[in-house]
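Work through the exercises below with the model open beside you. Try each task before reading its solution.

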Amino acid sequence: MICGTRGSQLARTQTQTVVSNLEEIISEEIETKIIKTTGDKIKDSQLYNIDAKGIFTKELDEALINGDIDFAVHSFKDLPSELNPELVITAIPIRESVNEVLISNYSWDELPDNATIGTSSVRREAFCKYHEKNIQTTPLRGNVETRIRKVEEGVCDATIMAQAGINRLGLQDHIKEVFPVDYIMPPAGQGALAIMTHKDSEYNDVISKLNHDDTRNEALVEKTILETIGVGCQWPVGIVSKVNGSEINIKCKLLSPEGKLLADINETTTKSNAIETAKSIGNKLKEDSL
């Protein structure tokens with residue numbers, strides 16, 4: 001069996017966890033193949049200034065369709081809103097933290113006037129504006145380690161990142177502050193992984209054993225909202241959900257690029273009705289963005 005992954009340290013670390021868990025199930029060694037994606041090759045542009053659809057997944061999708069690999073491991077939030085019809089999300093393992101964190105020598109409240117926050121996320125930039133911080137934003141690209149190093153070198157005063165990736169890399173000592181999800185709401189699927197296969201793969205049954213039902217419910221609900229809005233990561237929207245027994249709570253904040261709050265949704269529904277509720281929320285967010 002061959003697994004495909006991006007080449008960053010985070011992608012390889014995430015993939016190795018999945019591979020190790022799967023090797024325990026099948027009792028045989030799995031080969032890992034590194035595939036460079038378009039998103040890995042673009043170093044000097046903010047993601048919302050380019051066509052970001054499938055930017056971190058397209059080459060891995062092609063490798064799956066061509067039979068060069070048997071499964072691929074993605075950060076769920078990197079998936080495009082519409083998947084290739086030849087492919088399926090066969091498993092979504094248990095989720096890491098969904099929170100956003102501050103990387104800085106300053107706490108959020110201690111950031112000086114006109115401090116620079118490095119980010120290439122339109123959502124994070126909009127949430128900074130929403131909270132009326134007297135700060136400047138500047139483009140910041142690169143893997144987790146690179147962005148942390150740039151803050152330490154003074155390229156910018158701070159950056160905002162996903163806690164999940166930092167936890168997976170064991171870099172928690174660099175976290176200055178963890179933001180509550182209601183303060184800076186994460187993107188759909190943050191903290192979750194997606195294991196993709198060809199829909200006709202002989203390995204689908206065994207790979208599906210890595211699935212975590214509650215995480216799958218949460219991630220697919222969040223993805224459904226994005227699909228319904230039809231704007232993917234190009235719009236400043238935070239989405240997070242949480243399963244509690246037979247219910248699921250869904251929260252969304254939609255902002256304008258200037259940081260104006262356009263919609264603030266907090267709904268609880270049953271798991272059985274979650275996808276329909278997600279579609280309804282997505283339609284409301286679409287209306288509010290017009």
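**Exercise 1. Find the bridge partner of K253 in β13, then describe the sheet around that pair.**

Solution. In β13, K253 has D264 as its bridge partner. The model is predicted, so local features need pLDDT of at least 70 and side-chain atom pairs count only at pLDDT 80 or more, while totals for chains, interfaces and linings use all residues. Residues are numbered from 1 along each chain as its sequence is written, and side-chain values use heavy atoms, with hydrogens and water left out.

Step 1: fix the terms. Helices (H or I, at least four residues) and strands (E, at least two) are DSSP runs, numbered from the N terminus. Two strands pair if DSSP finds at least two bridges between them.

Step 2: take a second pair. I248 stands opposite T269 in β13. Strand β12 covers residues 247–255, and its antiparallel pairing with β13 runs over 9 bridges.

Step 3: look at the hairpin of β12 and β13. There are 5 residues between the strands, and G259 takes a positive phi near 95 degrees.

Step 4: widen the view. The order β11-β12-β13 gives an open sheet of 3 strands with antiparallel pairing. β11 (237–244) and β13 (261–270) are the edge strands; each has a single partner, so one side of each lacks a neighbour in the sheet. On average, neighbouring strands of this sheet are turned by 10 degrees against each other, direction ignored. Axes here are lines fitted to C-alpha atoms, for helices over the stretch in contact, and angles run from 0 to 180 degrees between N-to-C directions.

**Exercise 2. Which strands of the sheet does helix α8 touch, and which does helix α9 touch?**

Solution. Contact means heavy atoms within 4.5 Å.

Step 1: helix α8 (residues 213–229) packs on the sheet and touches β11 and β12. The direction of α8 makes about 150 degrees with that of β11.

Step 2: helix α9 (residues 274–289) also packs on the sheet, touching β11, β12 and β13. The direction of α9 makes about 170 degrees with that of β13.

**Exercise 3. How many aromatic pairs are there? Work out the geometry of the pair W108 and Y183.**

Solution. Rings of Phe, Tyr and Trp (its six-membered ring) pair if their centres lie within 6.5 Å; planes under 30 degrees apart count as stacked, over 60 as edge-to-face and the rest as tilted.

Step 1: by this rule, there are 4 aromatic pairs.

Step 2: W108 and Y183 are edge-to-face, 6.3 Å centre to centre with 90 degrees between the planes. The pair links distant parts of the chain, 75 residues apart. W108 lies in the loop between β5 (100–104) and β6 (115–118), and Y183 in the loop between β9 (177–179) and β10 (193–198).

Step 3: add burial. Buried means under 20% relative accessible area, exposed over 50%, partly exposed in between (1.4 Å probe, protein chains only). W108 is buried at 3%. Y183 is partly exposed at 27%.

Step 4: compare a pair within a helix. F127 and Y130 have ring centres 6.3 Å apart and planes at 85 degrees, so this pair is edge-to-face. Both lie in helix α4 (residues 122–130), 3 residues apart, about one turn of the helix. F127 is buried at 0%, whereas Y130 is partly exposed at 27%.

Step 5: extend the W108 network. Ring pairs link W108, F179 and Y183 into a cluster. K133 lies over the face of W108, at 4.8 Å from the ring centre. The rule for a charge over a ring is NZ of Lys or CZ of Arg within 6 Å of the ring centre and within 35 degrees of the ring normal.

**Exercise 4. Which way do the residues of β5 point, and with which strands does β5 pair?**

Solution. Step 1: 5 of the 5 residues of β5 are buried. E100, L102 and S104 point one way, V101 and I103 the other.

Step 2: β5 pairs antiparallel with strand β8 (residues 158–162) over 5 bridges. L102 stands opposite I160 in β8.

Step 3: β5 and β9 also run antiparallel, joined by 3 bridges. V101 has V178 in β9 as its bridge partner.

**Exercise 5. What does P187 contact beyond its neighbours within four places in sequence?**

Solution. Step 1: P187 lies in the loop between β9 and β10 and is buried at 17%.

Step 2: the contacts of P187 are K77, R123, E222, V237 and I239.

Step 3: P187 and E100 are 87 residues apart in sequence, yet 9.6 Å apart in space, C-alpha to C-alpha.
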